[in-house]
Amino acid sequence: MSLLQLEDVTRTVIAPDQPALTILSGVNLTIEPGDHVSIVGRSGSGKSTLLNLLGLLDLPTSGVISFDDRPVKSYSGARRDRLRGASIGFVFQQFNLLAERTALENVTMPLLYSSGRTFWRRKKIAAEMLELVGLGHRMTSMPDRLSGGEQQRVAIARSLVRGPRLILADEPTGALDLDTGQSVMELIDDVAERTGAAQVVITHDPMIARRARRHFRLDRGILTPVDDPAFEPLTRREMREMAPTEPSTDVTAEGGDRDVLELFGVPTDDTGSGATARADAEGEAASEAEGDAPADEAATTDRKDA
Ligand SMILES: Nc1ncnc2c1ncn2[C@@H]1O[C@H](COP(=O)(O)OP(=O)(O)OP(=O)(O)O)[C@@H](O)[C@H]1O
Ligand SMILES: [Mg+2]
């Protein structure tokens, strides 16, 4: 059984008064449990678009995406959100921490949308996760008091706190120096190995790409496996050409806190606006931080689904 499968996936966007733009075409990719895949590609080749599909944040224009061998198109938007929250952890170049929350509150946040025992033990689980990433002594620190490497560790703790089966990383070391970047990758590898999570890492950095077991290149929306075992992913010239020259179009890049909530499976409505549900959830996160009794919508719905 595969964890995630893309079959002949295409993503096309249509802007007003513009011809249709095909960003991804004929993408086939199967991610097995515990897999470790790297994807490299030039700026604008479609990496973030692909990551949004892998992360169930977007649906393909054509082709089939299956999670646990079930087409994700058959899920409602809310169910897809819950699946994402429970099964997928995101690590981005921008750490996307909630600026007004402590390290511990940031890591606790995804657990607000879990159910049962996990929900009630959320603070202990989050604290243990922060210990694991070496930040047990910074639980009450606000993000702006932490170094870049420490902020990325908090973001990683938050991504992994629900024990995702798939870790999706988009330039995870892009904002870090070489040594910090290496230790952050070791941390992700370590947690992935312990929990059996699969990893898909999108990167410009050949050293990071080399850590993966299977390697792919994305070129103008076409994904190709790189078979060479010695794996020389890119020449220096190619790397220079690939460095982003424009602001990134990542879903999380320009967003405030709300975009972050979506990554953790905070239910959005099926019309696609999602603003109300997310605003409510944000309020819930705030009231939890103040110690109010929780109204755990997600937990209730999970039980109904079971
Ligand atoms: N919603 C959209 N509407 C129009 N064009 C889009 C949309 N989303 C992406 N694109 C275009 O599709 C191409 C691929 O975008 P994408 O963000 O996936 O690239 P990328 O490989 O992640 O680039 P980078 O390395 O700079 O982050 C780009 O040319 C981008 O401008
Ligand atoms: Mg991108």
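The protein has 12 helices and 10 strands, and the model you are looking at is predicted. Of its 306 residues, 42% count as buried. Among contacts with a separation of 6 or more, 71% join residues 24 or more positions apart. Here is a short tour, beginning with a sheet and ending with some backbone angles.

**The sheet**

- Six strands make up an open sheet with mixed pairing, and their order is 6-7-8-3-9-10.
- At the edges sit strand 6 (88-92) and strand 10 (222-225), each of which pairs on one side only.
- On average, neighbouring strands of this sheet are turned by 20° against each other, direction ignored.

**Strand 9 and its two partners**

- Which strand pairs with strand 9 in the parallel sense? Strand 3 (residues 36-41) does, and its pairing with strand 9 (residues 214-219) runs over 5 bridges.
- Two positions help you find this pairing by eye: V37 stands opposite R214 in strand 9, and S38 stands opposite H215 in strand 9.
- With strand 10, strand 9 pairs in the antiparallel sense over 4 bridges.
- In that antiparallel pairing, D219 is the residue opposite I222 in strand 10.
- Strand 9 and strand 10 form a hairpin, with 2 residues between them. In the turn, R220 has a positive phi of about 45°.

**Helices lying across the sheet strands**

- Helix 1 (residues 47-54) lies across four strands: strand 3, strand 7 (166-170), strand 8 (198-202) and strand 9. Relative to strand 7, helix 1 runs at about 160°.
- Helix 6 (residues 148-160) lies across strand 6 and strand 7. The angle of helix 6 to strand 6 is about 165°.

**Helix 6 against helix 7**

- Besides lying across strands, helix 6 packs against helix 7 (residues 178-195) at an angle of about 15°, and the two axes are 10 Å apart.
- Why is helix 6 described as roughly parallel to helix 7? Angles under 35 degrees count as roughly parallel, so the packing angle makes helix 6 roughly parallel to helix 7.
- The crossing of helix 6 with helix 7 is right-handed.
- From helix 6, the contact is made by G149, Q152, R153, I156 and L160; from helix 7, by T180, V184, L187, I188 and V191.
- Sorted by class, the contact of helix 6 with helix 7 holds 6 nonpolar, 3 polar and 1 charged residues.

**Positive phi near the start of the chain**

- A little background helps here: most residues other than glycine have a negative phi.
- D8, which is not a glycine, has a positive phi of about 50°. This residue lies in strand 1 (residues 4-13).
- Is D8 buried or exposed? D8 is exposed, because 12 other C-beta atoms lie within 10 Å and a residue with 12 or fewer counts as exposed.
- D17 also has a positive phi, near 60°, and is a residue other than glycine. Its place is the loop between strand 1 and strand 2 (21-31).
- D17 is exposed as well, with 4 other C-beta atoms within 10 Å.

Note on methods: Residues are numbered from 1 along each chain as its sequence is written. Chains are lettered from A and ligands numbered from 1 in the order in which they are written. This is a predicted model: local features need pLDDT of at least 70, side-chain atom pairs count only at pLDDT 80 or more; totals for chains, interfaces and linings use all residues. Two strands pair if DSSP finds at least two bridges between them. Axes are lines fitted to C-alpha atoms, for helices over the stretch in contact, and angles run from 0 to 180 degrees between N-to-C directions. Two residues are in contact if their C-beta atoms, placed from the backbone, lie within 7 Å. A residue is buried if 20 or more other C-beta atoms lie within 10 Å of its own, exposed if 12 or fewer, and partly exposed in between; C-beta atoms are placed from the backbone. Angles under 35 degrees count as roughly parallel, over 145 as roughly antiparallel, 65 to 115 as roughly perpendicular and the rest as oblique. A crossing is left-handed if the near helix is turned anticlockwise from the far one by less than a right angle, and right-handed if clockwise. Ala, Val, Leu, Ile, Met, Phe, Trp, Tyr, Cys and Pro count as nonpolar, Asp, Glu, Lys and Arg as charged, and the others, Gly among them, as polar.
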